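Here are a few friendly notes to help you find your way around this model. Keep the structure open beside you and take the points in order.

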Amino acid sequence: MSVQAYDPLADQRTAEGPQFDVFLAGTVFLDIVFTGLAAMPAAGTEAWAEGMGSCPGGIANLAIATSRLGLRTSLAAAFSDDDYGDFCWRTLAEQESVDLSKSRRFEHWHSPVTVSMAVDRDRSMVTHGHPAPMSASEMIGSPPRSRAVILALSAEEPLGGADPCNWAELARQNGALLFADVGWDPSGTWSPELLDQLSVCHAFMPNAVEAMAYTGTDTPRDALYTLADRVPLAVVTDGANGAMAIDSMTGEEAFVPAPRVTALDPTGAGDVFGAGIVLGTLCGWPLADRLAFAEVCAALAVQQFGGSLAAPGWGDIADWWHGVRAAAGHAGAYADSLARRYTFLDRLVPTVPMGAVHRAAATIARYADLGTASPRSKEPPVKAAGGTVTGATVIGTEDPDKTRVPARKE
């Protein structure tokens, strides 16, 4: 994939401006996604999946989501020198136009791998991995100038602490806005002290369950008000119910319902939503438009299988908006409401060139067939469903060390 054909921040570009719009750091997983399973396989049995695909996952979900929206994205991550690492590196750098100048390759380190199985609009995952050979701050050193950083709050590398070499702190001192998320707490502690890090953040974007747990509140809206006392832009997502936010910088408060869709796979939907919020904020859009844009990006993503494979580009958004606009006036009250809510896209979609980015399929050996049905035989034929051919062979070098990388959040 070439450089993005549409640049939503073109009017803000100057020779003295930041090199990147978004800078990220985290763990890249090789995601292998199986779809079309009637049920999870029982112990001692084998189940055939109707579709499968492979793609970079983990922090790559977010990097691909921002890049496909036209944001100049740089990612710092550890990559193995095994074939999984080759595939993930090549897909990010060549197909998705993500800068990897702050990433590093490591010998004799096994790539983290996740197998995801989609059953009845939900998914189960099995993950194996090892800690990166080097911390993010050590690997990054001085981060490149960027308009925004998207990161997860962490007790291991806290923001606002005594460590002046924390990579995110250095990025903030160099002018970047910090957009924070938070991971699931498997311990069930949900320590409110984690939120103290919001004192140096511009935005916080948890889901409703996380927001209520960390604030000790009973409703998503009560959680939102509590978070708005801590951070300039507080956003709480609530799945199919929509999202709400308060921007104390502009004095805006908004709630936007989610578009009605048939959700097939929620993998990476939160990352896609966050990418939309960052884009809208950098563009200076009204808060309601930012939420609506992020919601439609997430809605388009969950209608496809495969995490980063599903992140929409401007071509997908343009196609969706043309369909909504065509239905307005004769498809009922909901269609009319949707058209009114997204009228702001008229300012954007007419400027999107015909070559604007659409979703791309990637798989480690052949075309992805996430949307095709294959015969349940021992040698099912591979059917092309479009996308980029990458000719890598899968050969892993497993390490008996069972130390695990931190749990994933999608």
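**Cores, sheets and rings**

1. A good place to begin is the largest nonpolar core, which has 72 residues; L75, F293, W314 and L345 are those with the most contacts inside it. Helix α8 (residues 287–302) gives this core its largest share, ten residues. Please bear in mind as you look that this is a predicted model.

2. Take L75 from that core and see what surrounds it. Leaving aside residues up to four places away in sequence, L75 touches L24, A25, V28, I59, A63, L92, V98, D99, L100, K102 and S103.

3. There is also a second, separate core, with 34 residues, and L151, A180, L224 and M244 are included in it. As general background, nonpolar side chains tend to be buried together in soluble globular proteins.

4. Now for the sheets. Eight strands make up an open sheet with mixed pairing, in the order β4-β1-β9-β10-β11-β12-β13-β14. At its edges are β4 (73–76) and β14 (252–256), each of which pairs on one side only. Within this sheet, five bridges join strand β9 (residues 146–152) to β10 in the parallel sense; I150, for instance, has F179 in β10 as its bridge partner.

5. Another open sheet has four strands, ordered β3-β2-β7-β8, and its pairing is mixed. Because β3 (51–58) and β8 (122–128) stand at the edges with a single partner strand each, one side of each is left without a neighbour in the sheet. On average, neighbouring strands here are turned by 20 degrees against each other, direction ignored. Strand β2 (residues 28–35) runs antiparallel to β3, with eight bridges between them, and D31 has C55 in β3 as its bridge partner.

6. Aromatic rings deserve a look too: the model has ten aromatic pairs. How are the rings of W190 and Y214 arranged? Their centres are 5.0 Å apart and their planes stand at 80 degrees, so this pair is edge-to-face. W190 sits in the loop between β10 (177–181) and β11 (203–204) and Y214 in helix α5 (residues 208–215), so the pair links distant parts of the chain, 24 residues apart. W190 and Y214 are both buried.

7. Finally, two more ring features. Y6, W285, F293, W314, W320, Y342 and F344 are linked into a cluster by ring pairs; F293 and W314 may be familiar from the largest core. Elsewhere, R260 lies over the face of Y334, 4.0 Å from the ring centre.

How values were computed
Residues are numbered from 1 along each chain as its sequence is written. This is a predicted model: local features need pLDDT of at least 70, side-chain atom pairs count only at pLDDT 80 or more; totals for chains, interfaces and linings use all residues. Side-chain values use heavy atoms; hydrogens and water are left out. Rings of Phe, Tyr and Trp (its six-membered ring) pair if their centres lie within 6.5 Å; planes under 30 degrees apart count as stacked, over 60 as edge-to-face and the rest as tilted. Helices (H or I, at least four residues) and strands (E, at least two) are DSSP runs, numbered from the N terminus. Buried means under 20% relative accessible area, exposed over 50%, partly exposed in between (1.4 Å probe, protein chains only). A charge sits over a ring if NZ of Lys or CZ of Arg is within 6 Å of the ring centre and within 35 degrees of the ring normal. Two strands pair if DSSP finds at least two bridges between them. Axes are lines fitted to C-alpha atoms, for helices over the stretch in contact, and angles run from 0 to 180 degrees between N-to-C directions. A nonpolar core is a set of buried Ala, Val, Leu, Ile, Met, Phe, Trp, Tyr and Cys residues joined through side-chain atoms within 4.5 Å. Contact means heavy atoms within 4.5 Å.
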